[in-house]
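Biologist: Thanks for sitting down with me. Could you bring up the model so that we can go through it together?

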Amino acid sequence: MKRNILFNLLSALGLILTLTIFSLVGLWTTVTAHEPIFEGLVLWNKLGSDDEVLHSEVGANGTIIGTSYAYEPAQHGNGYIRKATGQNYVQFPASVLSNLSYRGTIELWITPKVPAPVPYQYGIFGLLGAPYGEDGGVPSACNIYLAWGDTVSGQGLWGSVGFDENRAGTPSEPTQFVATVGVPFHAAISWDIDGIDGTNDKVRVYRNGVVVGSTTSSWNPEGTERHNIILGYSPNSSGFDKYISDNIKVWDYAKSEFNFEESPVPETQLIADSDTLQVYPGDTITVALDIVDATQLYAAQAECNVDPTIIAMQNATFGDFFTNPLIGANLVDAPSGNWLGALSLQNPATPLSGSGNFATLSGQALAPGTTAVACEPLLSDRDGFELPVLYSGLTITVIPFGKITGAATYQGRLVHTNIQIAANGPVAATVTTSANGDFVFDELKAGNYNITADAPLYLPNCTIANVLNGQTTPLGDTTLKGGDVNDDNTINIGDATLVAANFGQTVPPASSQADINADTIVNVQDLAILGGNFGLSGCQNW
């Protein structure tokens with residue numbers, strides 16, 4: 001399993017370059033940088049035109065259902081309004097709510113064209129969600145519901161939250177909310193299964209930042225139902241051309257304070273994260289440079305640097321986000337640790353929106369140390385004007401291996417070469433002993449290892465060692481017990497029979513299996529070693 005580290009380059013036009021780094025360490029983590037005003041923002045769509053609905057400022061794009069709609073002046077530029085009954089509304093995909101079953105907020109602006117819903121004429125206004133879903137097959141199921149009642153079904157604003165049949169809803173306002181025609185108001189619903197702002201309120205409905213309904217009831221946050229977010233809908237036969245919706249935002253926490261100004265586009269910034277990717281010498285690193293939520297992008301360039309004494313940059317290939325591009329540069333300079341890549345669309349291609357892979361870099365960790373991955377992106381529209389970029393950096397630490405040292409010797413011998421020492425843990429390795437029995441494992445990743453020392457004619461010795469990065473774990477000395485001459489992991493009569501059959505003879509013609517102490521003669525010394533260990537089997541303690 002590969003390790004995956006992301007870091008983002010967020011442009012002032014909502015463009016993010018995400019640098020994904022993989023290593024063979026076996027874990028993954030994510031590093032993301034946000035401009036503070038966007039912290040927790042999952043979706044932001046201005047709703048002011050077809051282009052704005054279909055291209056969100058942040059998050060998933062909207063979809064326009066039906067053809068009877070218009071864009072009219074609202075709080076922030078224009079907003080969306082239905083112009084006929086039936087399937088005419090805007091929706092956002094259910095995936096927006098994928099991670100918001102425990103807490104979140106949806107807010108938007110409403111510009112009324114009537115003072116309030118009128119029962120039996122144009123009924124409840126479904127600011128979020130369809131009240132009945134009976135008009136032309138509009139889906140009625142929703143996870144987050146926010147309505148403006150018509151005095152029969154309820155008065156003023158109320159809302160509910162649910163991800164299965166269990167829902168938690170606020171009561172409607174005690175008196176009907178009567179709006180001033182043409183004067184926008186801000187509507188929001190927030191929810192937190194653990195309580196909003198440390199209170200017992202789990203769901204709140206706000207109008208112009210003031211709580212107009214709340215409940216302490218709970219829902220099931222583990223529910224798996226997910227439905228599209230629908231807005232701009234009301235059910236009855238005259239339920240259209242009654243209010244304008246604009247500037248919808250979805251957050252991943254329960255907001256209790258609201259900024260009634262339109263969120264500004266962030267200024268260009270350079271942000272360096274402190275998070276660190278840890279790899280070992282020799283690990284292969286792959287870097288995927290992705291473009292996310294691009295708008296009006298026609299050409300892209302990135303220059304990235306690493307410390308070449310720590311990371312060897314080896315190769316770079318462009319991704320598939322730019323189709324049939326003009327390639328301006330793809331230059332890897334391993335001695336300097338630099339890569340420069342640049343490409344552009346070509347006529348008649350139109351500017352890019354959305355997300356995709358820009359380029360993939362590869363390299364290898366060389367030696368212990370820490371290096372920044374420093375990238376300077378440069379983005380351009382079709383006219384050659386620069387698109388500002390917010391960059392979030394990353395460091396890579398190549399950590400030193402841990403070591404295990406020790407000594408293993410043969411019982412009854414003076415020379416101790418060729419005892420096999422096996423280490424099995426985060427990696428597997430094998431070494432053999434020197435003449436005095438010493439051994440060293442010097443390239444081990446951190447973790448617990450099962451250590452086994454074994455040799456022909458002897459029972460194995462076993463232990464467990466904990467290895468720490470950059471540190472040496474000493475195991476001390478151990479001596480293998482001899483006598484397992486038939487190597488069946490037990491010293492018994494079978495071994496004694498083989499020694500007896502060769503007793504008193506030199507090697508050769510005597511079998512070397514019977515010469516336990518390797519002195520070229522089978523005699524009482526070999527018999528003593530076998531006899532002293534008779535009945536033992538399996539791994540012996542180190």
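Biologist: Leaving aside its neighbours within four places in sequence, which residues is I144 in contact with?

Modeller: A word on the source: this is a predicted model, where local features need pLDDT of at least 70, side-chain atom pairs count only at pLDDT 80 or more, and totals for chains, interfaces and linings use all residues. Residues are numbered from 1 along each chain as its sequence is written, and side-chain values use heavy atoms, with hydrogens and water left out. Taking contact as heavy atoms within 4.5 Å, the partners of I144 are L97, I106, L128, S160, V161, F163, R167, I189 and W191.

Biologist: Which members of the largest nonpolar core touch the most other members?

Modeller: Such a core is a set of buried (under 20% relative accessible area, 1.4 Å probe, protein chains only) Ala, Val, Leu, Ile, Met, Phe, Trp, Tyr and Cys residues joined through side-chain atoms within 4.5 Å. This one has 42 residues, and those touching the most others are F92, I106, I144, I189 and W191.

Biologist: Which strand gives this core its largest share?

Modeller: Strands are DSSP runs (E, at least two residues), and helices are H or I runs of at least four, numbered from the N terminus. The largest share is 4 residues, and it comes from β13 (residues 185-192).

Biologist: Why do the buried residues of α3 line one face of the helix?

Modeller: In α3 (residues 524-532), the buried residues are D526, I529 and L530. Judged by the directions from the helix axis to the C-beta atoms, they line one face because they fall within an arc of 95 degrees.

Methods: Buried means under 20% relative accessible area, exposed over 50%, partly exposed in between (1.4 Å probe, protein chains only).
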